[in-house]
Every structure is written in structure tokens, then in C-alpha cells.
Amino acid sequence: SRGPLHTLLVGREMFGKNILRNINKINPAIPGTPVKIFKIKEIPSGGRSTWLAVATSSGVYVVNNWKQCDVGDPNGLNFFPQNLNTVNPTIGHACYTIVSKTNDTNNAIYFVGTDIGVFKSSNRCFDWAKTAKFNNQTLSVSDLKYFTDTNGNGYLLAATNIGVWISDNDGDNWQTIQSYTDTNIQIANTPVFGISLNKAPREVF
């Protein structure tokens, strides 16, 4: 029987067949290429509501109607990306991970790791700009972490196919862990697919 918590046990494709599956199609009736979803992150909207940023194989999409959607109702509302027509021309690439700048008091700055490097948004994931290359190299970034030290300085870590890179200026410049002047941060120069931070933020795994 269907009790009050039945929606915890059922599900459906919340983006529907005519949204994410037809991102690059003008006519939603034409089948598009399935889009993979890699990560979902909550975004404070600046008001009372919370948005969702969805990192996919074809860009980042912002959803603000998710609380009105019932997964248990097959005829209910789907997630609707507010930036469906604005984000793809800017990124349009596989977006594997998304993080916020944790010491940003406005909660507006986000970074996304893609197959062609790191992008930065200063307006809650609606517009994006590419950060600097990794020593003039375009690398695939599978994971990102942002942390602050005890002095409030921010650091962005990027896991790439040739190792971990660090930036202390929001991606304007990148250095390898080996070349970074802080000797407390040391990681081997090998392919990396994820980053984990412990309670002492200078220790990275």
C-alpha cells in the first residue's frame, strides 16, 4: 500500500525527456542525446529559497522549482533549468564537479571542473568564465575542493589527469602541489580522480 512516505521508495526522471535529453535541440519532440548528471549542489538564492546546481555532461543547470516537484507523481512537475538557453554557449562541456567559494559572504562564487579545465561563476552559476590554464596546458578536472586556512586565505584544489594543482587566487594562476611554497601540502604527481580534506585543511588526500 502507499503510505505517507511512499515517495522515499519510488522515483522518476525529474528532468523529463524534453529538457535535459534535448539540450541541444530546438524542437523538443526530436530525440536528443542522453545527458549524464555528475553532481548536484545546493545554492543559496540570496532570498528565502534554495536552488540546485546540476553538473552534467553538457553544462551546469540551475533549478529553482525542485521543492514543488513530487517524485511520486508520474504526472507532476519536472525540474526546469532556469538557465537552459544561457549556459551552454559558455560551457557546453562535461562538468564533473562543482564547488562554492566557502569564504564568499555573498554565496555567489562557484567553480566547476570540466574536461577542458576550470570555469568560474560570480553570479550563482548563471554565467561562466574560464580560469587560467595549468602551466599552458588544458587538462581534464575530475574533482575540485575549496578550503580556507586559519587566516581566512582561500585555496582551490583541482584533481587532474596529471596530478593535483592549487590556486590561491581563484584560478587566475595554478601551481602544482610540488612547486607550491607551502611545504605542508605535498601530493605525488600522478593521475588523480578525487580529493579529500580532513579537519586540518592543510592535509590533503
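Strand S10 (residues 163-167) pairs with S11 in the antiparallel sense, over two bridges. Within this pairing, Trp 165 has Thr 176 of S11 as its bridge partner. The model in which these strands appear is predicted.

S10 and S11 belong to an open sheet of four strands. The order is S8-S9-S10-S11, and the pairing is antiparallel. Its edges are strand S8 (141-148) and strand S11 (175-176), each of which pairs on one side only. In general, the strands of a sheet pair through backbone hydrogen bonds, in either a parallel or an antiparallel sense.

The chain as a whole contains eleven strands and zero helices. Its pattern along the sequence is accordingly written β-β-β-β-β-β-β-β-β-β-β. Of the 205 residues, 41% are buried. The accessible surface comes to about 11,200 Å². Carbon and sulfur atoms account for 50% of that surface. Contacts between residues at least 6 apart in sequence were also examined. Of these, 45% join residues at least 24 apart.

A further set of pairings involves S5, S6 and S7. S5 and S6 form a hairpin, with two residues between them. Five bridges join S5 and S6, in the antiparallel sense. One of the bridge partners is Phe 119 in S6, which faces Val 112. S6 also pairs with strand S7 (residues 129-130), again in the antiparallel sense, over two bridges. Here Phe 119 stands opposite Lys 130 in S7. Phe 119 thus takes part in both pairings of S6, with Val 112 as partner and with Lys 130 opposite. Strand S6 (residues 117-121) is mostly covered. Four of its five residues are buried.

The loop between strand S4 (95-100) and strand S5 (110-114) holds Lys 101. The relative accessible area of Lys 101 is 18%, so this residue counts as buried, the cut-off being under 20%. The side chain of Lys 101 makes a polar contact with the side chain of Asp 170, at 2.8 Å. Neighbours within four places in sequence aside, Lys 101 is in contact with Ile 109, Phe 111, Tyr 146 and Asp 170. Among these contacts, Phe 111 lies in the range of strand S5 (110-114). Tyr 146 falls within strand S8 (141-148), an edge strand of the open sheet.

Conventions. Residues numbered from 1 in each chain as written. Predicted model: local features only at pLDDT ≥ 70, side-chain atom pairs only at ≥ 80, totals over all residues. Heavy atoms only, no water. Buried < 20%, exposed > 50% of the residue type's maximum accessible area, 1.4 Å probe, protein only. Contact = heavy atoms within 4.5 Å. Areas by Shrake-Rupley, 256 points an atom, 1.4 Å probe, with all protein chains shown as cover. Polar contact = N/O pair within 3.5 Å; in protein donor to acceptor, adjacent residues only side chain to side chain. Pairing = 2+ DSSP bridges.
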